[in-house]
Amino acid sequence: MRDDLRRVHLLKGTAFFYIVRDEGKPFVVRHGKLSVRVVGTSFEVRSMISGSSVSVRSGRVSVSRDPRKPIDVREAHTSTLLRTGEQIRLVRATGQSTKSNIAPTDVAPWRSGRLVVRDWTAKDVYQALRSHYPGYDLNGTLGFSSTRLTGDYDLQNPESALRILEAAQGLSKV
């Protein structure tokens, strides 16, 4: 391991980072096929069933689709620069990525007891809610529809949000 590099390898889940700029020791987060190089920022990396996302609350990060290659923010063809209020989502099945805007306050809202989703799959919403209420299992989770969901869920009461999802998807609690 190089001493001039700070790095994290996110295997699954969601993580929020607040990184102080240090040109002498870059900070790199790797997850699946994504590699994120920090340029002094606060941001979230999220692992979902359908893929991955990187969202920037403040500052900027450089995101590469090939974690084996070092990221150079000057090389636009190999990486995407995200600034405050931007996010990129990578779909696991297709490899397609989409860059969009996000309210900075909606980056890592779980830190303040909320789950904000915009155009997520039902399975991704279920996975995120279930991480806050692990004893809740739905019968027939393979039967989730392909419907995309948008909403703001209270993580202080994840069971209520899971029941709404259950009813909307025609599933039942085990």
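Start in the largest nonpolar core: select Phe17, Val36, Phe43, Val45, Val54, Val61 and Val63, which touch the most other members among its 18 residues. A nonpolar core here is a set of buried Ala, Val, Leu, Ile, Met, Phe, Trp, Tyr and Cys residues joined through side-chain atoms within 4.5 Å. Buried means under 20% relative accessible area, exposed means over 50%, and partly exposed is in between (1.4 Å probe, protein chains only). Now colour the strands that feed this core: β2 (14–19), β3, β4 (34–47), β5 (51–64) and β7 each supply at least two of its residues. The biggest giver is β4, with five residues. Then look for another core, apart from that one, with 17 residues, including Met48, Leu115, Ala122 and Phe144.

Before going further, a word on what you're looking at. This is a predicted model, where local features need pLDDT of at least 70 and side-chain atom pairs count only at pLDDT 80 or more, while totals for chains, interfaces and linings use all residues. Residues are numbered from 1 along each chain as its sequence is written, and side-chain values use heavy atoms, with hydrogens and water left out.

**Zoom out to the whole chain**

Show the protein chain as a cartoon and you'll find two helices and 12 strands. (Helices are DSSP runs of H or I with at least four residues, strands are runs of E with at least two, and both are numbered from the N terminus.) Walking from the N terminus, the order is β-β-β-β-β-β-β-β-β-α-β-β-α-β. Of the chain's 174 residues, 43% count as buried. Switch on the surface: the accessible area is about 9,600 Å², and carbon and sulfur atoms own 50% of that. These areas come from the Shrake-Rupley method with a 1.4 Å probe, and for residues only the protein chains shown count as cover.

Try colouring by pLDDT, the predictor's confidence in each residue, from 0 to 100. The chain's mean is 82, and 83% of its residues reach 70 or more. Now select residues 70–77, where the pLDDT is below 50; this stretch has 11 contacts in the model beyond near neighbours in sequence. Contact means heavy atoms within 4.5 Å. Where pLDDT is low, the predicted coordinates should not be read in detail.

**Follow β5 and its partners**

Next, select β5. Here 10 of the 14 residues are buried, so β5 is largely enclosed by the rest of the structure. On one pairing, β5 runs antiparallel to β7 over five bridges; click Ser52 and find its bridge partner in β7, Leu90. Strand β6 (residues 79–83) also pairs with β5 in the antiparallel sense, over five bridges, and there Ser62 stands opposite Leu81. Two strands count as paired if DSSP finds at least two bridges between them.

For a parallel example, move to strand β1 (residues 6–9), which pairs with β3 over four bridges. Pick His9 and look across to its bridge partner in β3, Arg30. Strand β3 (residues 27–31) is mostly covered, with four of its five residues buried.

**Two threonines**

Select Thr41, in strand β4. Thr41 counts as buried because its relative accessibility is 3%. Show everything around it: leaving aside neighbours within four places in sequence, Thr41 is in contact with Phe17, Tyr18, Ile19, Val56, Ser58, Gly59, Arg60 and Val61. The Thr41 side chain reaches the backbone nitrogen of Arg60 at 3.5 Å. For polar contacts, the rule is a pair of N or O atoms within 3.5 Å; within protein, one must be able to donate a hydrogen and the other to accept it, and residues adjacent in sequence count only if both atoms are side-chain atoms.

Now jump to Thr94, in the loop between β7 (86–91) and β8 (97–101). Thr94 counts as exposed because its relative accessibility is 57%. A polar atom of the Thr94 side chain lies 3.1 Å from the backbone nitrogen of Gln96. Add Ser50 to the selection: Thr94 and Ser50 are 44 residues apart in sequence and 9.7 Å apart in space, C-alpha to C-alpha.

**Last stop: two positive phi angles**

Select Ala108, found in the loop between β8 and β9 (114–121). Ala108 has a positive phi of about 60° although it is not a glycine, and at 2% relative accessibility it counts as buried. Finish at Asp119, in strand β9. Asp119 is not a glycine either, yet its phi is positive, about 65°; at 36% relative accessibility, Asp119 counts as partly exposed.
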